[in-house]
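Visitor: I should like to look closely at one part of this protein, namely its second largest cavity. Please describe what surrounds that cavity, and then set the description in the context of the neighbouring elements.

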Amino acid sequence: MASFNELGLSENIVRAVSEQGYTSPTPIQQQAIPAVIKGGDLLAGAQTGTGKTAGFTLPILQRLSTASNAPKDKTSRRPIRALVLTPTRELAAQVEESVNTYGKYLPLNSGVIFGGVGINPQIKLLKQGVDILVATPGRLLDHHQQGTIDLRNIEILVLDEADRMLDMGFIHDIKKVLAILPAKRQNLLFSATFSDDIKALADRLLDNPAMIEVARRNSTVEVIAQKVHPVDRDKKHPMLAHLIKTNQWSQVLVFTRTKHGANKLVEQLGKDGIAAMAIHGNKSQSARTKALAEFKDASLTVLVATDIAARGIDIDQLPHVVNYDLPNVPEDYVHRIGRTGRAGATGEAVSLVCVDEFKLLADIEKLIKRQIPQEIIEGFIPDPHAKAQPIQLRSQDHRGGRGQPSGRTRPQGSGQGKPSGRTPGKTAQGPARPAGARVAVKQSAPRRSGSRGNG
Ligand code: AMP
């Protein structure tokens, strides 16, 4: 299998990729990267979880940074040369973050624009110019109508999750966008499924495309035992300590929503005598490597990670994944629990869910098309009268940042950036479902005796 180097990516790109902990390209990357670098059109069948984002992002960075019109620095004004269209703002933010991460050692800029947030910061961003723009179709057209975007220099167009875009009724918007773009350009179409509508779009859009199709990375949702433990907001930490101790878990990957939350949890677990370390964007590479090594050789019981930091962690047969906070983006749930149950091993994914998170849980269940069994733990019966509060979005991570001003050029220096003082916008909280609904009250661990009340 070819390495990232051998696929034709420059040293600066390979370095950024290695820093993510990726050791080898995924199948879609093996095929897509050389095809896109060559310059032709591409039709790719790939779902989320296959590494498709890097599959188009990396070769685009390669092309834009090595072309004769490549910019010399990050700050000068420049035209938009690559446009990525996505169906949702979450995906848009995610893709732009990938561009940003993989392009950190290149003199290229990226930005993201989507609807539902103020347009003015985006106008400012577009005025300055970015090399790579990620956008949802509607907002892109708004900018076009207002004359605040210039798409005349687009060299590469990507339609990401094209099937979802059609499902969401974006076909007319897409056609309008295509009509604005310069005729001569490279087109990449990614879709998980190939309906007649997608085929028709591909026919219209693509010129003699390379075609690749890969299977899903793993069918996580089917093989992993999943459980939700309803819990009061302020009882999550004692519940986690309780679960680890009573079940004698020895290797647990715990996900928190924010870096701050990760640090706080590590501290709290330490006080309980549970060895824990955090990995996230504010940690140095050496601290992350150390934590990961100790976790792998089982001298560390708990590794606490944010979604972004957890990318690239690949540990076979990880027995337990805990969602200390549910992710804001439902797809992240699938990524998170995919860390367990690998290679046929039985895995368990446990989510501690408080009243604020029921809407997120409903979104996840919709995505994975199943209800996750709920189980109340003795001693942690949630208050049935608790009211949902807005969820603090990731304090320093912008990904999935609903309500954020979306245009953003790369922060100078620190990569993931320092706390920016940005106020989290509107949150994903929703109508509270009574905590007791659809809940089985069972003992959490086999070996306990005594009766329990059931809320
Ligand atoms: P995607 O299918 O693009 O949503 O990517 C799924 C996940 O795989 C993301 O969390 C990526 O960070 C991760 N990923 C992408 N490429 C690789 C790779 N070559 N090795 C390990 N993880 C990867």
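Guide: What follows begins at the cavity and then turns to the cores, the helices and an open pocket. The model is a predicted one.

The structure holds 3 cavities of 30 Å³ or more. The second largest cavity has about 40 Å³ of space. Its lining is made up of Phe56, Thr57, Ile60, Val84, Val95, Val99 and Ile132. By class, 6 of these lining residues are nonpolar and 1 is polar, while no charged residue takes part. Two helices, H3 (52-66) and H4 (89-102), each supply at least two residues of the lining. The greatest contribution is that of H3, with 3 residues.

One of the lining residues, Ile60, also has a prominent place in the largest nonpolar core. That core has 42 residues, and Leu42, Leu58, Ile60 and Leu188 touch the most other members. For Leu188, neighbours within four places in sequence being left aside, the contacts are Val36, Gly40, Leu42, Phe56, Ile60, Ile156, Leu157, Val158 and Leu159. Phe56 and Ile60 thus appear among the contacts of Leu188 as well as in the cavity lining. Another core, of 31 residues, lies apart from the largest one and includes Leu83, Leu141, Leu189 and Ile198. In soluble globular proteins, nonpolar side chains tend to be buried together.

The helices H3 and H4 have a further role in the packing of helix H1. Within H1 (residues 11-19), the residues Ile13, Val14, Ala16 and Val17 are buried. Viewed down the axis of H1, these buried residues fall within an arc of 160°, so they line one face of the helix. An α-helix has 3.6 residues a turn, so residues three or four places apart point the same way. H3 and H4 are among the elements that cover the buried residues of H1. After H1 comes Gly21, with a positive phi near 90°.

Helix H8 may be described in the same terms. In H8 (residues 171-180), Asp173, Ile174, Val177 and Leu178 are buried. Seen down the axis of H8, the buried residues fall within an arc of 140°, so they line one face of the helix. His172 and Ala179, on the other side of H8, are exposed. The elements against which the buried residues of H8 pack are strand E2 (82-85), helix H6 (137-146), strand E5 (156-159), helix H7 (162-167) and helix H9 (196-205).

An open site may be set beside the cavity. The second largest pocket has about 580 Å³ of space. Of the 23 residues that line this pocket, Arg257, Gly261, Lys264, Tyr324 and Asp325 are the closest to its centre. Helix H11 (236-247) and helix H12 (259-271) are the elements that give two or more residues to the pocket lining, and H12 gives the most, with 5 residues. The lining of the pocket divides into 6 nonpolar, 9 polar and 8 charged residues, whereas the lining of the second largest cavity has no charged residue.

A last detail concerns Lys359, which is found in helix H16 (residues 358-368). Lys359 counts as partly exposed, because its relative accessibility is 33%. Between Lys359 and Asn328 the separation is 31 residues in sequence and 9.8 Å in space, C-alpha to C-alpha.

Methods
Residues are numbered from 1 along each chain as its sequence is written. This is a predicted model: local features need pLDDT of at least 70, side-chain atom pairs count only at pLDDT 80 or more; totals for chains, interfaces and linings use all residues. Side-chain values use heavy atoms; hydrogens and water are left out. On a 1 Å grid over the protein atoms alone, a cavity is a set of points where a 1.4 Å probe fits but cannot get out, and a pocket is an open set with protein on both sides within 12 Å along at least five of seven lines; lining residues have an atom within 4 Å of a point. Grid points are joined across faces, edges and corners, and a volume is the space filled by probe spheres set on the points. Helices (H or I, at least four residues) and strands (E, at least two) are DSSP runs, numbered from the N terminus. Ala, Val, Leu, Ile, Met, Phe, Trp, Tyr, Cys and Pro count as nonpolar, Asp, Glu, Lys and Arg as charged, and the others, Gly among them, as polar. A nonpolar core is a set of buried Ala, Val, Leu, Ile, Met, Phe, Trp, Tyr and Cys residues joined through side-chain atoms within 4.5 Å. Buried means under 20% relative accessible area, exposed over 50%, partly exposed in between (1.4 Å probe, protein chains only). Contact means heavy atoms within 4.5 Å. The arc is that of the directions from the helix axis to the C-beta atoms.
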